[in-house]
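Reader: Please take me through this model with a few questions and reasoned answers.

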Amino acid sequence: LVDVTDVNSVIADHGRWIDTKVTATVRQMLMSSKRGLSLGADIEFQIAGGELFIGKVLVKAGKKPDVQPKSQYLVFLGSMPETNIAYPTYRPLLIQAGRIIDRSVSESDEAQRVSHGPLDGRKLDSVLSEIRKHAHS
């Protein structure tokens with residue numbers, strides 16, 4: 001569980017792609033294999049896709065992730081061994097009023113379509129409890 005403090009786009013993959021870099025503060029951890037990661041620590045992770053001005057041109061790569069500063073998210077992170085860059089293994093899940101918002105929006109020429117993930121609307125405490133139970137079994 002993290003509090004996002006900063007979100008910005010960066011050039012990635014040796015200049016061939018744009019990622020969104022998220023800086024956040026760790027508020028709760030369910031488990032970690034990364035040494036030195038503790039509550040209150042700042043972490044960074046990158047999500048594929050983003051938008052970046054190169055000169056005066058807005059360059060877009062993939063879909064810009066909907067992650068906002070001053071918001072709390074449940075994230076499941078892995079890391080790429082060759083670069084040690086952390087990345088989410090599932091989209092970051094927004095936390096609002098103690099509940100998980102697990103939705104994605106796809107856009108077409110006709111309309112926006114919202115799809116609800118399996119955790120949408122569930123109480124955060126309940127989900128964290130289930131994850132802890134399965135992580136230690």
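Reader: Which strand gives the most to the lining of the second largest pocket?

Author: In this predicted model, the second largest pocket has a volume of about 520 Å³. Its lining has 18 residues, and those closest to the pocket centre are Asp-66, Arg-91, Arg-103, Ser-104 and Val-105. At least two lining residues come from each of β9 (93–96) and β11 (103–107). The most, 4 residues, are given by β11.

Reader: In what order do the strands of the open sheet of 6 strands run?

Author: Each edge strand pairs on one side only, and the edge strands are β3 (42–48) and β10 (99–101). The pairing in this open sheet is antiparallel. The order of its 6 strands is β3-β2-β1-β6-β9-β10.

Reader: By what angle are neighbouring strands of this sheet turned against each other on average?

Author: The sheet in question is the open one with antiparallel pairing. With direction ignored, its neighbouring strands are turned against each other by an average of 45°.

Reader: Which residue in β6 stands opposite Asp-3?

Author: Strand β1 covers residues 2–12 and strand β6 covers residues 72–74. The two pair in the antiparallel sense over 2 bridges. Opposite Asp-3, in β6, stands Gln-72.

Reader: Is Ser-71 buried or exposed?

Author: Ser-71 is found in the loop between β5 (57–61) and β6. Leaving aside neighbours within four places in sequence, Ser-71 is in contact with Val-2, Asp-3, Val-4 and Leu-94. Its relative accessible area is 19%, and the cut-off for a buried residue is under 20%. Ser-71 is therefore buried.

Reader: Which elements give two or more residues to the largest nonpolar core?

Author: Nonpolar side chains tend to be buried together in soluble globular proteins. Here the largest nonpolar core has 12 residues, including Val-2, Val-4, Val-22, Ala-24, Ile-43, Phe-45 and Ile-47. The elements that give two or more residues to this core are β1, β2 (17–26) and β3.

Reader: How many residues are in the other core that lies apart from it?

Author: Among the members of this other core are Leu-74, Leu-119, Leu-124 and Val-127. It lies apart from the largest core, and its residues number 9.

Reader: Which proline residues does Ile-47 touch?

Author: Ile-47 is one of the residues of the largest nonpolar core. Not counting residues up to four places away in sequence, Ile-47 touches Asp-19, Thr-20, Val-22 and Val-67. The prolines that Ile-47 touches are Pro-65, Pro-88 and Pro-92.

Notes. Residues numbered from 1 in each chain as written. Predicted model: local features only at pLDDT ≥ 70, side-chain atom pairs only at ≥ 80, totals over all residues. Heavy atoms only, no water. Pairing = 2+ DSSP bridges. Axes fitted to C-alpha atoms, helices over the stretch in contact; angles between N-to-C directions. Buried < 20%, exposed > 50% of the residue type's maximum accessible area, 1.4 Å probe, protein only. Contact = heavy atoms within 4.5 Å. Core = buried A, V, L, I, M, F, W, Y, C linked by side-chain atoms within 4.5 Å. 1 Å grid on protein atoms, 1.4 Å probe; cavity = no way out; pocket = protein on both sides within 12 Å on 5 of 7 lines; lining within 4 Å. Points joined across faces, edges and corners; volume = space filled by probe spheres on them.
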